[in-house]
Amino acid sequence: NICLSGGIILDNLIFSFNTIIPIFLVMAVGYFSKEIGLIDEKFINTAVKFNFKVGLSTLLFYEIYSAQVGKSFNSKLLIFAFLSIVISVVVLCIMIPIFIKDKKRASAMIHTIYRSNFVLLGIPIGINMLGKSNLEYVALLLPVAIPTYNFLAVVILAVFDENGDINIKEKIKFTIMGIIKNPLIIASVIAILMKACSLKLPMFIDKSVSEVASLGTPLALITLGAQLKFKSVVKNLRYSLIATLGRLVILPCLLVIISILMGFRGNELASLFILFSAPTAVSSYIMAREMNSDYRLTGDVVILSTFFSMFTIFIGIYVLKSFSFI
């Protein structure tokens, strides 16, 4: 029995290691490529734009298009994910201003704690964790998470913007239009419509789409690694560490426990775990800079949460696997 239990523990450790470490090794390629001058900011910006509009969009389309919708569609899962994000934001908007009076800093704390990098890390973690053939739930959560994250981010940053209260309606309108035009949303809707109408791509187009989709994950990880800048983190260390703890430990633990109590197991729970435990979204920094939030603090949390998520996601996968929840 001791040998059997030891073998199970070792298997779970190996599974957790093999899930998360390859992702961060690919990110390291991007980071060190930037450090040694192999790639520059112009290349990174172009690659990010290209991958967002082409690579990741095609990948998301293909994952939904090739998924077994009848088996994977789960309204309970989608509603739970949506409500979890919204309620998290409401609670944070009530609690954070009690302790942090500076509106810029408060908005940055709320923004970085609730908003995960599910777009860039959801599929790569899902592939390593579940396998390419079991990504239906991860893919189907993306059309829920993306617009919810983006819309709430604008509302939060606009409400806490001391200089921009008059433009809240315009900012929200701009965000709604941005969500409608978002390539990931468009790709998701097209894929869902094609599945609903039982439309099939010709073989040569299917293969071409599959090839382009294969660019999405590695290019996303390389560019994400290339955008990390560790030198600036020290300045806001106290607040950035608190926000990182909230993003990677407190919020995921609470939401995953609630998910388990709600009866989610297997691939459903795994997809929710990825959604809740991913580090702060890189796009948070760009939005914070454009909307008068504390963008320096936001950038620091992006860096710290991305780095430490290597350990927290590893531990989370190991715990869930050990208790046979996934």
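How are α5 and α11 oriented to each other, roughly parallel or roughly antiparallel? The legends below concern a predicted model, and the first of them takes up this question.

**Close-up 1. Packing of α5 against α11.** The axes of α5 and α11 lie 8 Å apart and form an angle of about 30°. Angles under 35 degrees count as roughly parallel, and α5 and α11 are therefore roughly parallel to each other. The crossing in which α5 passes α11 is right-handed. From α5, the residues Arg105, Met109, Thr112, Ile113 and Tyr114 take part in the contact. They meet Tyr239, Ile242, Ala243, Gly246, Arg247 and Leu251 of α11. Sorted by class, the contact of α5 with α11 holds seven nonpolar, two polar and two charged residues.

**Close-up 2. The second largest pocket.** This pocket encloses about 560 Å³ of space. It is lined by 24 residues, and those closest to its centre are Val91, Leu92, Met95, Ile113 and Ile250. Three elements each give two or more residues to the lining: α4 (75-99), α5 (103-114) and α11 (237-261). By class, the lining has 20 nonpolar residues, three polar residues and one charged residue. Ile113 also appears in the previous view, where it is one of the α5 residues that meet α11.

**Close-up 3. Packing of α11 against α12.** Helix α12 covers residues 266-277, and its axis lies 9 Å from that of α11, at an angle of about 155°. Angles over 145 degrees count as roughly antiparallel, which makes α11 roughly antiparallel to α12. These two helices have a right-handed crossing. On the α11 side, the contact consists of Arg247, Leu248, Pro252, Leu255, Val256, Ser259 and Ile260. Their partners in α12 are Leu269, Leu272, Phe273, Leu275, Phe276 and Ser277. Ten nonpolar residues, two polar residues and one charged residue make up the contact of α11 with α12. Arg247 of α11 takes part here and also in the contact with α5.

**Close-up 4. Packing of α2 against α7.** Helix α2 spans residues 41-66 and helix α7 spans residues 136-159. Their axes are 9 Å apart, with an angle of about 125° between them. That angle makes α2 oblique to α7. The helix α2 passes α7 in a left-handed crossing. Leu60, Glu63 and Ile64 of α2 make the contact with Ala139, Leu140, Leu142 and Pro143 of α7. By class, the contact of α2 with α7 has six nonpolar residues, no polar residues and one charged residue.

Notes
Residues are numbered from 1 along each chain as its sequence is written. This is a predicted model: local features need pLDDT of at least 70, side-chain atom pairs count only at pLDDT 80 or more; totals for chains, interfaces and linings use all residues. Side-chain values use heavy atoms; hydrogens and water are left out. On a 1 Å grid over the protein atoms alone, a cavity is a set of points where a 1.4 Å probe fits but cannot get out, and a pocket is an open set with protein on both sides within 12 Å along at least five of seven lines; lining residues have an atom within 4 Å of a point. Grid points are joined across faces, edges and corners, and a volume is the space filled by probe spheres set on the points. Helices (H or I, at least four residues) and strands (E, at least two) are DSSP runs, numbered from the N terminus. Ala, Val, Leu, Ile, Met, Phe, Trp, Tyr, Cys and Pro count as nonpolar, Asp, Glu, Lys and Arg as charged, and the others, Gly among them, as polar. Axes are lines fitted to C-alpha atoms, for helices over the stretch in contact, and angles run from 0 to 180 degrees between N-to-C directions. Angles under 35 degrees count as roughly parallel, over 145 as roughly antiparallel, 65 to 115 as roughly perpendicular and the rest as oblique. A crossing is left-handed if the near helix is turned anticlockwise from the far one by less than a right angle, and right-handed if clockwise. Contact means heavy atoms within 4.5 Å.
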